[in-house]
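Below is a short briefing on a structural model. Please read it alongside the sequence and the coordinates.

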Amino acid sequence: MKYLDEYRDKRVAQKIVDEIERTITQPWVLMEVCGGQTHSIVKYGLDRLLPEQVELVHGPGCPVCVTSLEMIDRAHAIARRPDVIFCSFGDMLRVPGSHSDLFKIKSEGGNVRVVYSPLDCLKIARDNPAKKVVFFAIGFETTAPANAMSVWQAREQGIRNFSVLVSHVLVPPAMIGILASPNNRVQAFLGPGHVCAIAGWTEYEPIVDQFKVPIVITGFEPIDILQGVLMCVRQLEHGRAELENGYTRAVQREGNPAAQKMIERVFVVCDRAWRGLGVIPQSGYGLSEEFRDYNAELIFDVGNIHALEPAICMSGEILKGLKKPLDCPAFGKQCSPENPLGATMVSAEGACAAYYNYGRHLVDIETLTAKG
Amino acid sequence: MAKVDFGGMVREACLSYVPDARIGDYVLVHVGFAISKVDEEEAARTFQYLAEMDQLNELQDGEGDQGP
């Protein structure tokens with residue numbers, strides 16, 4: 001497939017690694033923000049390909065991982081109602097709440113449906129006029145235009161039995177939270193490629209200026225990621241701190257104006273609780289007042305939610321890049337994708353799930369031999 | 001809505017956010033929405049630079065060896 005295959009070319013990958021080795025003179029800590037980038041790094045073993053002085057730490061860019069436990073419990077409470085058809089992206093299905101998950105609720109008779117696009121919900125709403133169709137609208141800036149469109153079109157088409165449970169999160173405030181943390185070790189970022197395809201990169205320029213960290217907007221294929229690392233290392237080695245675009249085939253500085261316009265029509269910036277990180281002010285989108293009739297949080301009174309996180313889980317520190325999955329005593333033992341204890345194991349893009357799915361708990365890193 | 005070919009598998013995608021997309025263009029698709037058109041010139045340029053990076057280094061090394 002054009003524009004995919006060549007960005008997975010092994011020989012070019014090795015050339016970039018060689019150039020990184022020629023350039024680097026000391027250890028550096030880089031963070032990749034997006035779960036999709038983490039997944040690519042672990043899948044293609046890019047962290048093992050890179051010289052030892054490059055340490056890649058994994059960021060909080062997995063929207064499934066960072067959806068707050070309280071919001072998940074709220075979703076489950078709504079999904080249990082007999083008058084509701086609860087729709088969600090597939091990767092939310094097994095995310096554990098305090099007591100259950102959507103898959104269990106479905107098996108117990110709840111009307112839970114997986115959708116590929118939020119627009120699929122509108123058809124379900126039209127086909128089921130006696131039911132209330134609720135869509136779990138999670139994601140970063142990348143998914144916001146799609147979710148906004150579903151609400152906009154519902155209003156345009158006069159669909160009255162559709163609502164959204166919104167839990168959008170934004171990247172720049174999370175980055176600032178990580179950089180401002182006293183234990184921060186991150187010296188440069190591989191920036192979020194598809195988030196920036198939508199939102200552009202103007203919000204990252206002040207972050208570069210304030211914290212003096214290089215940010216390189218990076219794609220998701222192995223070549224993209226290695227190029228992002230090379231550009232970060234070059235900056236760090238030369239004492240530069242700039243915003244650079246390493247994903248020029250998909251991202252412009254101003255982003256996607258049509259998508260931004262729709263976001264502004266439907267959403268407002270609000271405070272948001274991040275699973276594992278706590279409340280970050282002005283770090284999310286909520287539905288604007290104009291669309292309150294489509295706001296599932298206002299429509300459904302589900303009473304008080306008391307969220308209970310397992311104490312052993314260290315996903316908060318993993319999401320900030322302070323710890324790795326292998327540092328956790330529960331990793332690969334009590335905690336696995338089949339029985340996830342916390343945020344970073346629940347989604348295939350979470351760091352712990354990525355490590356587990358590519359067998360990192362089975363291999364001794366030093367000798368690359370099987371454990372046990 | 002338009003038909004997008006994902007390497008053999010064809011799905012529908014909403015083109016509202018890439019109003020200038022035409023048949024034959026490559027697009028990035030996320031949850032059923034095209035979010036960006038692939039800039040084919042940039043894609044080729046970046047890839048060519050990376051693929052030829054080692055040749056650039058050989059040239060520079062060559063110059064260094066030819067000192068006085």
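The points that follow cover conventions, confidence, and the overall form of chain A.

This is a predicted model, in which local features need pLDDT of at least 70, side-chain atom pairs count only at pLDDT 80 or more, and totals for chains, interfaces and linings use all residues. Residues are numbered from 1 along each chain as its sequence is written, chains are lettered from A and ligands numbered from 1 in the order in which they are written, and side-chain values use heavy atoms, with hydrogens and water left out.

**Confidence**
- The complex has an ipTM of 0.87 and a pTM of 0.90 from the predictor.
- Chain B has an average pLDDT (the predictor's confidence in each residue, from 0 to 100) of 84, and 84% of its residues score at least 70.
- Residues 64-68 of chain B have a pLDDT below 50, and this stretch makes zero contacts (heavy atoms within 4.5 Å) beyond near neighbours in sequence.
- Where pLDDT is low, the predicted coordinates should not be read in detail.

**Fold of chain A**
- Chain A contains 17 helices and 13 strands, where helices (H or I, at least four residues) and strands (E, at least two) are DSSP runs numbered from the N terminus.
- The C-alpha trace of chain A spans about 65 × 50 × 45 Å along its principal axes.
- Of the 372 residues in chain A, 59% are buried, meaning under 20% relative accessible area with a 1.4 Å probe, protein chains only.
- Among contacts in chain A with a separation of 6 or more, 77% join residues 24 or more positions apart.

Technical notes. Buried means under 20% relative accessible area, exposed over 50%, partly exposed in between (1.4 Å probe, protein chains only).
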